[in-house]
Amino acid sequence: MKFYYIIISAFLILFFPRQITNVICFGRHRDQINVKSKAAYWGIYSFWTVVFLIGCLFMGSAAGVDTTIDKLVYYFILGSGNEDYIELASEEDDEAYILTYYTREEINEDVLYDIVQNNRFIYKTYRLEDLKIEQIDKKKWGLYLDSETMGYIEVKKGFLLNEIYYRWYKKNLEQRG
């Protein structure tokens, strides 16, 4: 699906802005000259290229193959000051619960622990009041409770946002529940 998205987007971005610009500047049959300035021609062409680029980004977001627009929206929501992080959809496999968050803040134990405390499904259900979060390496943190590993956290620093992935081990959580 991503391959088709790239092909269609490239076609839309490269072909249609040029056609629209030519019709605006030279008429339908190229028998008139409506715009004489090269700067105006390239300005009109650039405008239509940006319009089709934004349209393709929205199309990719709706199809689930490109998250650029989504990340920009999250960046502006987090910049408004109302929230410190945004929770994305959670996943579940046979071994773990996977929770994904975006934040603009610098990652440290306090931020990671606040996210855990605000997740009522995990924190309250499995009684994690004594949870310890320790840094394993630059991008990985461990979740420990009574010398037992409850899961880990991976942090990916992006250009605008930091992505935080919590991976909770089901078996260890269910022993506490």
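**Figure 1. Strands β5 and β6 pair in the antiparallel sense.** Strand β5 covers residues 140-145 and strand β6 covers residues 148-157. Six bridges hold the pairing (two strands pair if DSSP finds at least two bridges between them). Strands here are DSSP runs of E with at least two residues, helices are runs of H or I with at least four, and both are numbered from the N terminus. Lys-140 stands opposite Glu-154 in β6. Two residues lie between the strands of this hairpin. Asp-146 takes a positive phi there, near 55°. This is a predicted model, in which local features need pLDDT of at least 70 and side-chain atom pairs count only at pLDDT 80 or more, while totals for chains, interfaces and linings use all residues. Residues are numbered from 1 along each chain as its sequence is written, and side-chain values use heavy atoms, with hydrogens and water left out.

**Figure 2. Strand β6 also pairs with strand β7.** Strand β7 covers residues 162-169. The two strands run antiparallel and are joined by seven bridges. Lys-156 has Glu-163 in β7 as its bridge partner. The hairpin of β6 and β7 has four residues between the strands. In a regular strand the side chains alternate between the two faces of the sheet.

**Figure 3. Tyr-166 of strand β7 is a buried residue.** Tyr-166 counts as buried because its relative accessibility is 1% (buried means under 20% relative accessible area, exposed over 50%, partly exposed in between, with a 1.4 Å probe and protein chains only). The side chain of Tyr-166 reaches the backbone oxygen of Leu-112 at 2.6 Å. That is a polar contact, a pair of N or O atoms within 3.5 Å; within protein, one atom must be able to donate a hydrogen and the other to accept it, and residues adjacent in sequence count only if both atoms are side-chain atoms. Beyond neighbours within four places in sequence, Tyr-166 is in contact (heavy atoms within 4.5 Å) with residues including Tyr-97, Ile-98, Leu-99 and Tyr-101. Its contacts also include Leu-112, Ile-115 and Val-116. Leu-143, Tyr-152 and Ile-153 are among them too. Tyr-166 and Val-111 are 55 residues apart along the chain, and their C-alpha atoms are separated by 13 Å.

**Figure 4. Helix α4 has a capped N-terminal end.** Asn-108 provides the cap: a side-chain oxygen lies 3.1 Å from the backbone nitrogen of Asp-110. The helix covers residues 109-118. Its buried residues are Val-111, Leu-112, Tyr-113, Ile-115 and Val-116.

**Figure 5. Asn-172 of helix α6 contacts Glu-148, Thr-149 and Met-150.** Helix α6 covers residues 170-176. Asn-172 is buried, because its relative accessible area is 12%. Its side chain reaches the backbone oxygen of Thr-149 at 2.3 Å. The contact list leaves aside neighbours of Asn-172 within four places in sequence.

**Figure 6. Lys-71 and Glu-163 meet in a salt bridge.** The structure holds four salt bridges (a side-chain nitrogen of Lys or Arg within 4 Å of a carboxyl oxygen of Asp or Glu). Here the N to O distance is 3.6 Å. The pair links distant parts of the chain, with Lys-71 in helix α3 (residues 68-79) and Glu-163 in strand β7, 92 residues apart. Lys-71 is partly exposed at 29% relative accessible area. Glu-163 counts as buried at 15% relative accessibility. Side chains of opposite charge can pair when their charged atoms come close.

**Figure 7. Lys-170 and Glu-92 meet in a salt bridge.** The N to O distance is 2.6 Å. Lys-170 lies in helix α6 and Glu-92 in strand β2 (residues 91-92), distant parts of the chain 78 residues apart. Lys-170 counts as buried, at 12% relative accessibility. Glu-92 counts as exposed, at 54%.

**Figure 8. Lys-157 and Glu-106 meet in a salt bridge.** The N to O distance is 3.0 Å. Lys-157 lies in strand β6, and Glu-106 lies in the loop between β3 (96-103) and α4. The two residues are 51 residues apart. Lys-157 is exposed, with a relative accessible area of 52%. Glu-106 is exposed too, with 57%.

**Figure 9. Cys-25 and Cys-56 are buried.** The relative accessible area is 0% for Cys-25 and 3% for Cys-56. The structure has zero disulfides (a disulfide is a pair of cysteine sulfur atoms within 2.5 Å).
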